[in-house]
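Student: Please take a close look with me at the surroundings of the ligand. I would also like to hear how far the model can be trusted.

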Amino acid sequence: MSTSEVNLPGTSKAGAAASTVSLSTNAGSLSDYYSASQLRNDRWTRLKSLAAQLVGSSYAHVDKAQLLGEIDELLGSLEPIEAYWAFPGRRGLAELHELLKRDDHHDFTRVLTRMVRALQSGAYRRRLGEFVADADHEMEEEHDLAESQEDRAHARPFFEVLIVDELSQGQQDAQCNALREQRQGDDPFVYEPVIVGTFEDALICILFNHSVQSVVVRHDFGFASTNRMEIMQRYLRRVGNEDLAAMDPENYGPELCRLIRKIRPELDVFMVTDRSVEDIAGRDLGCARVFYNQNDFTELHLNILRGVDARYNTPFFNALKAYSKQPTGVFHAMPISRGKSLIRSNWIRDMADFYGMNIFMAETSATSGGLDSLLEPIGPIKVAQELAARAFGAKQTFFATNGTSTCNKIVVQAVVRPGDIVLVDRDCHKSHHYGMVLAGANVVYLDSYPISKYSMYGAVPLREIKHQLLKLKAAGKLHRVRMLLLTNCTFDGIIYNVERVMEECLAIKPDLVFLWDEAWFAFARFSPTYRQRTAMSTAETLRERFKDRGYAERYARHAAEIADYSDEQLLETRLLPNPKQARVRAYATQSTHKTLTSLRQGSMIHVHDQDFRGEVEQAFHEAYMTHTSTSPNYQIIASLDVGRRQVELEGFEFVQKQVEAAMSMRKAIDSHPLLRKYFQVLSVGDLIPPQHRLSGMEAYWDIEAGWNDNWQAFANDEFALDASRLTLAVGNAGYDGDTFKNEVLMNKHGIQINKTSRNTVLFMTNIGTTRSSVAYLIEVLVKVAQDLDSQIEDASGMEKKAMQRRIKSLVEDYPPLPDFSRFHDHFRPGIEHRTTEGDIRSAFFMAYDEDNCEYFPLEDGSMEAALDAGRELVSTAFIIPYPPGFPILVPGQVISKEILHFMRALDVKEIHGYRPELGLRVFTEESLAGAPTQPAL
Ligand SMILES: Cc1ncc(COP(=O)(O)O)c(C=O)c1O
């Protein structure tokens with residue numbers, strides 16, 4: 001089956017019915033599209049193929065008048081789209097119209113073909129300066145085709161500058177030319193201006209045109225866009241809930257600056273105002289520069305270039321490149337440095353051939369001098385970390401070369417003291433559990449809501465967190481509660497409402513520290529929709545909120561209202577923190593290497609903690625020293641620096657394209673009759689129960705309603721679903737997740753994934769995912785479905801029955817997911833039963849003594865018999881079945897029948913911490929009868 005039959009939007013031949021624009025073409029109907037970028041791309045492609053029919057000899061039979069009508073209509077439909085782009089832009093369209101009017105079909109087709117090719121290959125970015133400056137708008141066709149990787153690498157980076165000003169066409173041309181005239185041959189970058197005349201068009205433009213890097217906001221422009229295309233209006237809905245139309249026109253400029261800062265904080269905004277500069281400067285709009293009523297294009301040009309250069313700068317990568325070119329004699333312990341041990345070898349030279357020499361030229365260590373030290377940075381690493389803090393909205397950022405596993409342990413050790421109570425989601429990554437052991441925390445495990453049907457957990461409901469905090473408060477232990485640790489987003493893509501969690505928890509415990517494990521969420525900063533659910537952005541929002549007078553008044557009313565509330569009522573109330581007491585203390589750990597550009601193990605810790613300097617800094621330093629190698633890999637650090645440059649310049653574009661690819665995939669699977677027979681993409685409604693979804697959002701796309709806007713769900717719901725991940729239920733195809741992953745996807749089709757559950761597989765898109773890779777995956781699924789169809793057709797009656805039984809077992813007979821049972825009393829000395837914390841560290845180390853432990857076989861029923869006889873069986877270790885990959889038992893946890901049942905039903909080959917030849921390791925009765933492991937607290 002070819003990709004075009006797969007019904008991806010834009011590659012679809014079906015469903016081209018007209019909506020807003022009555023296109024009778026194959027470019028797809030507007031409602032097919034999630035993204036205007038894909039629509040734009042497909043319309044140009046369609047136009048190119050129609051133009052080919054206009055002049056091609058094999059199309060003699062085609063009705064030319066009808067063809068011209070279609071071409072004209074398509075060109076018209078591109079007008080409201082191209083208004084936001086420099087290329088082909090309005091100028092390109094005008095030129096094409098002109099050629100058509102002259103009946104110059106050959107020239108029309110030639111120019112159009114070149115334009116489309118330049119647009120789709122991105123070649124226009126490399127040569128647009130020359131292209132537009134050229135009176136004939138010529139672009140060398142041969143050169144276009146011959147463009148090599150090297151040309152691309154050495155071309156000056158290109159971007160677009162948005163100018164917001166209400167101007168006539170003549171004035172627009174004059175503005176653009178005035179800026180173009182500023183270009184110098186040695187400028188590091190080339191840019192082209194795009195001009196829009198209204199507030200709304202400016203917002204659409206920065207959301208649609210990802211090439212925009214700088215915005216010039218002038219003082220005379222209107223509010224409402226005349227662009228009524230639904231797909232463009234959708235961009236406006238993504239801006240949020242603000243009531244903008246009621247704004248005083250005087251404020252259009254400042255408000256636009258503020259909103260741009262909120263939507264795309266990485267952009268440089270230059271404001272040209274005729275109002276008092278003091279008035280504007282005092283409003284903290286986040287502008288890169290405010291100009292007072294001037295038209296100095298040289299100054300503007302230099303500021304634009306400087307702003308982009310500040311993001312392009314990679315201090316550590318630059319230093320490493322410079323170092324690799326220096327002549328040095330190596331008299332320290334690193335024979336691979338400068339490739340010396342390879343070049344002289346007769347046996348391992350192929351390593352140099354494979355990697356190239358640069359990587360070895362750049363191999364060095366802090367102790368050999370010349371470059372900065374990760375452990376005590378004072379030079380380029382320090383600056384690189386500061387730039388990363390800017391990019392990710394943190395107060396401080398620290399690089400790690402040993403993954404987020406290390407970052408988590410650093411933060412836990414830095415913040416948690418022995419005996420502190422920490423609330424932890426039980427299905428978090430193992431590094432946290434080990435962190436708790438190392439820190440000697442008393443752990444309160446929080447249960448996520450179960451998604452039993454798919455053998456998965458969701459995330460921890462806020463009610464459960466508040467419930468635990470209120471219980472600890474009632475027991476007089478709130479002063480010992482130190483940290484709340486949650487995974488955001490979860491592996492499966494459930495995203496917390498970070499703002500709400502932090503607000504309500506701070507209302508109960510005003511100095512609570514939050515550790516948000518964003519191992520899978522580094523990309524989120526670069527999408528306005530996702531950003532609002534990140535730790536750093538929320539910390540910033542709350543800092544601002546707590547300073548606001550209006551909020552203080554709101555809090556005072558709220559405090560009076562809830563003064564006599566019972567705990568049960570408090571659980572039902574949206575709590576507000578006291579702004580005079582609340583401290584904003586947030587940490588985020590991110591595996592940059594998982595979702596952004598970095599070599600493996602490149603991670604970052606971001607900090608926004610008001611008390612960091614006063615309280616944590618020293619301990620943080622010690623924790624960083626504890627866990628960081630004294631030989632950190634400089635290539636990883638350089639890749640983090642470059643990865644940061646990338647997200648500041650194209651993170652917005654890449655994340656947008658990633659989500660678009662995932663959305664196309666959703667729609668392609670859900671709308672394909674054959675695929676729907678065997679597979680189901682789990683929707684928002686499947687993964688998030690309705691009580692956590694007040695927006696009522698059920699699915700990002702469904703066959704009746706088409707695309708549903710996710711802004712409201714992201715803004716308000718307790719949990720949202722990361723659209724860039726797709727959980728595919730495969731039970732109806734008769735496969736369990738593991739077999740489907742290994743035998744079907746990997747062995748037969750070379751498709752790699754890393755997460756499965758009993759009856760699902762998880763597909764993760766990333767910033768490298770393309771439309772073609774999505775199309776390939778769909779092709780593979782279609783092939784699998786066709787094979788299944790023919791297998792069923794040829795099956796005997798018995799075989800059919802066996803298949804039905806298998807499907808039933810996978811989709812109906814699922815084992816209920818067990819909750820965290822409890823810590824054994826031995827590890828809770830002096831703790832009465834109202835609260836649930838346990839001393840995991842004592843349990844962990846008690847198991848070091850073999851005499852304290854014995855083994856029970858899992859299969860022979862002896863454990864159930866012991867439980868029936870009234871014995872408490874207590875795990876000595878972390879037992880982590882893979883999948884799902886989180887501990888089903890932790891040291892000191894009481895084993896329940898439900899847990900045993902679940903372990904057997906999981907039917908997985910890999911259970912970390914469990915030795916099948918010996919059985920499950922538990923504490924002996926004698927060891928648990930001994931004295932408590934720590935004095936009562
Ligand atoms: C939620 C979570 N946190 C932390 C980690 C560890 O990250 P890293 O592989 O960067 O050490 C993982 C790894 O899969 C994870 O899923």
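Tutor: Let's settle one term first: a residue is buried under 20% relative accessible area, exposed over 50%, and partly exposed in between (1.4 Å probe, protein chains only). This is a predicted model, in which local features need pLDDT of at least 70, side-chain atom pairs count only at pLDDT 80 or more, and totals for chains, interfaces and linings use all residues. Residues are numbered from 1 along each chain as its sequence is written, and side-chain values use heavy atoms, with hydrogens and water left out.

Now to the ligand. Around it are 13 residues (each with a heavy atom within 4 Å), and T404, S405, D517, S591 and H593 come nearest. Helix α19 (403-415) and helix α27 (592-595) each supply at least two residues of this shell; helices here are DSSP runs of H or I, at least four residues, and strands are E runs of at least two, numbered from the N terminus. The top contributor is α19, with four residues. Sorted by class, the shell holds nine polar, two charged and two nonpolar residues, with Asp, Glu, Lys and Arg as charged, Ala, Val, Leu, Ile, Met, Phe, Trp, Tyr, Cys and Pro as nonpolar, and the others, Gly among them, as polar.

Three side chains make polar contacts (N or O atoms within 3.5 Å) with oxygen atoms of the ligand. For S405 the distance is 2.6 Å, for S591 it is 2.7 Å, and for K594 it is 3.0 Å. On its own the ligand exposes 390 Å², of which the protein buries 84%; these areas come from the Shrake-Rupley method with a 1.4 Å probe.

Two other residues put the opening definition to use. T529, in helix α23 (residues 528-531), counts as buried because its relative accessible area is 8%. Beyond four places in sequence, T529 touches N710, W711 and F714, with heavy atoms within 4.5 Å. V383, in helix α18 (residues 380-392), has 35% relative accessibility, so it is partly exposed. The C-alpha atoms of V383 and F316 lie 7.8 Å apart, although 67 residues separate them in sequence.

As for trust, the chain averages a pLDDT of 89, and 91% of the residues score at least 70, on a confidence scale from 0 to 100. Still, pLDDT stays under 50 over residues 1-27 and over residues 131-145. Where pLDDT is low, predicted coordinates should not be read in detail.

Terms used:
A polar contact is a pair of N or O atoms within 3.5 Å; within protein, one must be able to donate a hydrogen and the other to accept it, and residues adjacent in sequence count only if both atoms are side-chain atoms. pLDDT is the predictor's confidence in each residue, from 0 to 100.
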